[in-house]
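Trainee: Could you take one part of this model and walk me through it closely? I'd like to see how a single helix sits among its surroundings.

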Amino acid sequence: MDVQPESLRFMEQVHSADVALVHGLPAAGEVPVADALLSPDGSAPLAVMVADCLPVVFAGMGPDGAVSAAAHAGRRGLLDGILTHTVTALRDAGATGIQAWIGPAVCGKCYEVPEEMLGQAAHLPGASSRTSWGTPALDLPAAARNQLLSQDVSVQMVPGCTMEEPRLFSHRRDAPTGRFAGLIWQPRWPGPGPTEYSTIEEAMSTTTDRAADLQRRLERVRHRIAAAALGRTEPELIVVTKYFPASDVALLAGLGVRDVGENKAQEAEAKAAELAGSDLRWHFIGQLQTNKAKSVVRYASAVHSVDRPGLVAALGKAMAAENRRRTEAGEPERAPVDCYLQLDLRAGEDLEPGRGGARPADMLELAAAVSADPGLSLAGLMAVAPLGGDPAEAFGRLQELSADLTARYPQAAGISAGMSQDLEAAVAHGATHLRIGSDVLGPRPAVG
């Protein structure tokens, strides 16, 4: 971490709205009673301890360098304004371009509260929620994000629910329990190199610029989708992150993206492992070899490229093995993997092999195989518009095939279709999921 021993600054957290200023190394026994710490020159490494509440860390640029803060925000603290007080203190210290990182906490589907308590938070945009079992709940991460955005603070979310993930401490799940920490510090930066920065200002600027670029691109795509879906149900956006780093996926998660798609099994597995504990849904959308099924079912919510009986069998076998592994480890079984049948919409009988996609004539046979396996869930169809063809014509054909499929399997109503260049045509013909890459992430990085 490049932090001096014994230099971390902690606080005695009491669910208040108080912010304490700290400078340099702590004196013996010095632990401020507060729920936020602020280092006016960024020199003090700051820590916040949580086990369901929100850990929030901040960084901004002051007149003489970095300014940092760390805040503990539970229900009471959010209601009393701990985050707004922290932002005010940062600005009083001269900070501009403030960024905030909101760490894992109990999510809005798990934080059950009485109806009266829900009413007390009604003035916080995004706070009102329902549990996954239908009772009143609070969504502290959403409320914190909205509160900070309203103060012109750039926000990145670090995914994870403390109730749902055993690796995170949770008082609500396991009381008594431990706590985990949110930390912010200013390292002694090494000299410039391929992935290094000469100053913290350069590092912050680079991260902020990329986040802002992704946010602009994402907003443009969402506006396109909303315009195309006017009068229709808006489809889900799957952001395809092939060849882009896991850091970009983390930034996208902070911007509200929940569904990401990957084409390469090895790359997808590495990113999913790096972002383990997030609430991202991973969609595998590339051609899948049967020997990769075992790794894919460990992280993927859906496979959009099911195109042959052998792959169905491999996925079913992999799911059975994965659930046995989880049972032996004392973990809950995973939900069935959603399977989209990939169809080849090119005309003609002599289609070039190896491009992926089953013949439409084989659709119902493939659907029966998926439907018969308890580890698999038939979700719908997927297709790519043929090169040089009319996307509207191709997606119209896919919509007709979907109608044939749902006549026998009503639950399989998903249509995964449409990319950056043809999303409007896909939406017009009933797409429920869009797979968008370059329009959100920009040109693909060179792959050597």
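Mentor: Sure, here is a close look at one helix and what lies around it. Keep in mind that this is a predicted model. The helix to pick is α10, residues 309-328. Its 20 residues reach 29 Å from first C-alpha to last, close to the 28 Å expected at 1.5 Å a residue. Just past the helix comes G330, with a positive phi near 75°.

Now for the buried side of the story. The buried residues of α10 are L311, V312, A314, L315, G316, A318, M319, E322, N323 and R326. Residues three or four places apart on an α-helix point the same way, because there are 3.6 residues a turn. Keep that in mind as you read down the list. As for what covers these buried residues, the elements include two helices, α9 (293-296) and α11 (363-371), along with the strands β14 (300-306), β15 (337-342) and β16 (376-382).

Zoom in on L315, which is among the buried residues of α10. Leaving aside residues up to four places away in sequence, L315 touches L288, A293, V297, V303, V306, C339 and L376. L315 also belongs to the largest nonpolar core, a set of 72 residues, where L315, L341 and L398 have the most contacts. There is a second, separate core too, with 39 residues, including L38, A69, I82 and A144. In soluble globular proteins, nonpolar side chains tend to be buried together.

How values were computed. Residues numbered from 1 in each chain as written. Predicted model: local features only at pLDDT ≥ 70, side-chain atom pairs only at ≥ 80, totals over all residues. Heavy atoms only, no water. Helix = DSSP H or I, 4+ residues; strand = E, 2+ residues; numbered from the N terminus. Expected span 1.5 Å × (residues − 1). Buried < 20%, exposed > 50% of the residue type's maximum accessible area, 1.4 Å probe, protein only. Contact = heavy atoms within 4.5 Å. Core = buried A, V, L, I, M, F, W, Y, C linked by side-chain atoms within 4.5 Å.
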